[in-house]
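Here's a quick tour of a model, helix by helix and then residue by residue. Have the coordinates open while you read.

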Amino acid sequence: FRELRASFRRFAFPMTIAFLVWYFAYVLLAAFAPGFMSTKVAGNINIGLVLGLLQFATTFLITWLYIRHANKNLDPIATELR
């Protein structure tokens, strides 16, 4: 059980910290750098919109990475424990 928990924590804690830093950076930019966030990239698309959409992409990426990690590292240990 300790090995299972340690493997989960080695993935979950760094990934959670990385995502929270990325999320709060987006929120702080939106609050304190509206000029930067409203910079046009193409047509009516601005940096704020691009970064907001990247939040969704990051969420899906982290989910995919977790599923891959769980299938490879966590599930075999959990099956053995059962």
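## Two helices and what they cover

Start with α3: at 1.5 Å a residue, its 35 residues should span 51 Å, and the end C-alpha atoms sit 48 Å apart, which agrees. Keep in mind that this is a predicted model. The helix, which runs over residues 47–81, isn't straight all the way: there's a kink of about 45 degrees centred on A70.

Now for α1, residues 2–32. Its 31 residues should span 45 Å at 1.5 Å a residue, and with 43 Å between the end C-alpha atoms, that agrees too. This helix has a bend of its own, about 25 degrees at R9.

Here are the two side by side:

| Helix | Expected span | End-to-end C-alpha distance | Bend or kink |
|---|---|---|---|
| α1 | 45 Å | 43 Å | about 25 degrees at R9 |
| α3 | 51 Å | 48 Å | about 45 degrees, centred on A70 |

So what's tucked away? In α1, the buried residues are L4, S7, F11 and A12, and they pack against α3. On the α3 side, the buried set is I47, G48, L51, G52, Q55, I62, H69, A70, L74, I77 and A78. Note that A70, the centre of the kink, is in that buried set. The cover over the buried residues of α3 includes α1, α2 (34–37), β1 (40–42) and β2 (45–46).

Why does Q55 count as buried? Its relative accessibility is 8%, and the cut-off for buried is under 20%. Leaving out residues up to four places away in sequence, Q55 touches F19, W22, Y23 and Y26.

Over to the surface. Which residues make the nonpolar patch of about 760 Å²? They're V41, I45, L49, V50, L53, L54, F56 and F60. Helix α3 gives the most to this patch, with six residues. One of the patch residues is L49, which has its place in α3. At 41% relative accessibility, L49 counts as partly exposed, because that class lies between the 20% and 50% cut-offs.

Last stop: L20, back in α1. This leucine is partly exposed as well, with a relative accessible area of 38%. How far apart are L20 and L81 in sequence and in space? They're separated by 61 residues in sequence and by 32 Å in space, C-alpha to C-alpha.

Definitions and conventions. Residues numbered from 1 in each chain as written. Predicted model: local features only at pLDDT ≥ 70, side-chain atom pairs only at ≥ 80, totals over all residues. Heavy atoms only, no water. Helix = DSSP H or I, 4+ residues; strand = E, 2+ residues; numbered from the N terminus. Buried < 20%, exposed > 50% of the residue type's maximum accessible area, 1.4 Å probe, protein only. Contact = heavy atoms within 4.5 Å. Patch = residues over 30% accessible without salt bridge, like charges linked within 9 Å, V, L, I, M, F, W, Y side chains within 5 Å. Areas by Shrake-Rupley, 256 points an atom, 1.4 Å probe, with all protein chains shown as cover. Salt bridge = Lys/Arg side-chain N within 4 Å of Asp/Glu carboxyl O. Expected span 1.5 Å × (residues − 1). Bend = angle between axes of the 7 residues up to and from the residue.
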